[in-house]
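This report walks through a few local features of one protein model, taking them one at a time. Please keep the sequence and the 3D view at hand while reading.

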Amino acid sequence: VLALIAAMTWILLQQGEQLMTTEMKLRSIAYARSAGEAISPQLDTFTLHFNTHEMLKEKWVEYAGILDADRKVLSHTDPQKIGGLDDSPIALIASRSKDALVQQYSSRGVSYFDISAPVFSGDRRTGTVHIGSTRAAVASSLKDAKRQVLLVAGIAVILDMLGTIIIVGWMLRPLPVLAKAARAVGEGRLDMQISFSTTDEIGQLTQAFNQMLLSLREKEMIRSTFGRYMSKEVVDGFLNGKVSMELGGG
């Protein structure tokens, strides 16, 4: 059960990152749709810049930009890049993709996600939008969800342990009674009966103990009854089966 809880926790954490990536793709598609309306039939730079800077309101977004069909930067959250040509491999691959795309790259020791989507004005492709996020920002966005998953997993582990203790304790409840009865038998007390009727191994042990008590009481009755009239050796022979108890003859 603990292994299953651990596996499910790992799966949920992995799915959380996948869901986050899917959300980023959908956000880039919506961004591309609004960019397409601002590019054609007439370029509306105000709307482009407004939509670009609106993307920064998302806590996981590090940068956003819009490139035209020739990969010229029409709008960007970094004003210094506007008007320049993006000749990076990320931009080149994104400009050739017909669907939203998630790419990973590193810059100055920082790992990034680049989420791109094609921009269409009617049936004509007019550019590409890019949304960037660091892996750390994605992890930070998922922090609350991860905390909840780990909390639920921790509660499940505690409940599992408590349940195991309760179940095992319930299954083993005859053992203290059997131990107490065994000590009483060792002291010579045979007038008892253990009343646990389970069907497991503990129940079989209880039945065997009760049968042992019955046998001991029968032997004690034989010893006390016949011992009044016969020698100890004869009585012991009866109890050990070495002397026949058939009537007549012997």
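## Salt bridges and a two-sided helix

At 65% relative accessibility, Lys57 counts as exposed, since the word is used for residues with over 50% relative accessible area. The model is a predicted one, and every value in this report was computed from it.

The side chain of Lys57 meets that of Glu54 in a salt bridge, with 2.9 Å from N to O. Side chains of opposite charge can pair in this way when their charged atoms come close. Glu54, unlike an exposed residue, is partly exposed, with a relative accessible area of 27%.

How many salt bridges does the structure hold? There are two, and the other pair to look at joins the side chains of Glu58 and Arg27, at 3.2 Å from N to O. Glu58 lies in the loop between helix 2 (45–54) and strand 1 (63–68), while Arg27 lies in helix 1 (residues 2–39), so this salt bridge ties together parts that are 31 residues apart in sequence. Glu58 is partly exposed, and Arg27 is partly exposed as well. The table sets out the four residues of these pairs.

| Residue | Relative accessible area | Class |
|---|---|---|
| Arg27 | 27% | partly exposed |
| Glu54 | 27% | partly exposed |
| Lys57 | 65% | exposed |
| Glu58 | 25% | partly exposed |

Next comes helix 6, which runs over residues 174–186. Its 13 residues reach 18 Å from the first C-alpha to the last, which is close to the 18 Å expected at 1.5 Å a residue. Which residues of helix 6 are buried? They are Pro174, Leu178, Ala181, Ala184 and Val185, and because they cover an arc of only 120° around the axis, they are on the same side of helix 6. An α-helix has 3.6 residues a turn, so residues three or four places apart point the same way. The cover over the buried residues of helix 6 includes helix 5 (143–171) and helix 7 (201–226). On the other side of helix 6, Pro176, Lys180, Arg183 and Gly186 are exposed. Just after helix 6 ends, Gly188 takes a positive phi of about 95°.

Helix 5 also leads to a feature of the surface, for Ile166 lies in this helix and is exposed, with a relative accessible area of 60%. Together with Leu151, Ile155, Ile158, Leu159, Leu162 and Ile165, Ile166 makes a nonpolar surface patch of about 730 Å².

Notes
Residues are numbered from 1 along each chain as its sequence is written. This is a predicted model: local features need pLDDT of at least 70, side-chain atom pairs count only at pLDDT 80 or more; totals for chains, interfaces and linings use all residues. Side-chain values use heavy atoms; hydrogens and water are left out. Helices (H or I, at least four residues) and strands (E, at least two) are DSSP runs, numbered from the N terminus. The expected span of a helix is 1.5 Å times one less than its number of residues. Buried means under 20% relative accessible area, exposed over 50%, partly exposed in between (1.4 Å probe, protein chains only). The arc is that of the directions from the helix axis to the C-beta atoms. Contact means heavy atoms within 4.5 Å. A salt bridge is a side-chain nitrogen of Lys or Arg within 4 Å of a carboxyl oxygen of Asp or Glu. Patches are made of residues with over 30% relative accessible area and no salt bridge: like charges are joined within 9 Å, nonpolar side chains (Val, Leu, Ile, Met, Phe, Trp, Tyr) within 5 Å. Accessible areas come from the Shrake-Rupley method with a 1.4 Å probe; for residues, only the protein chains shown count as cover.
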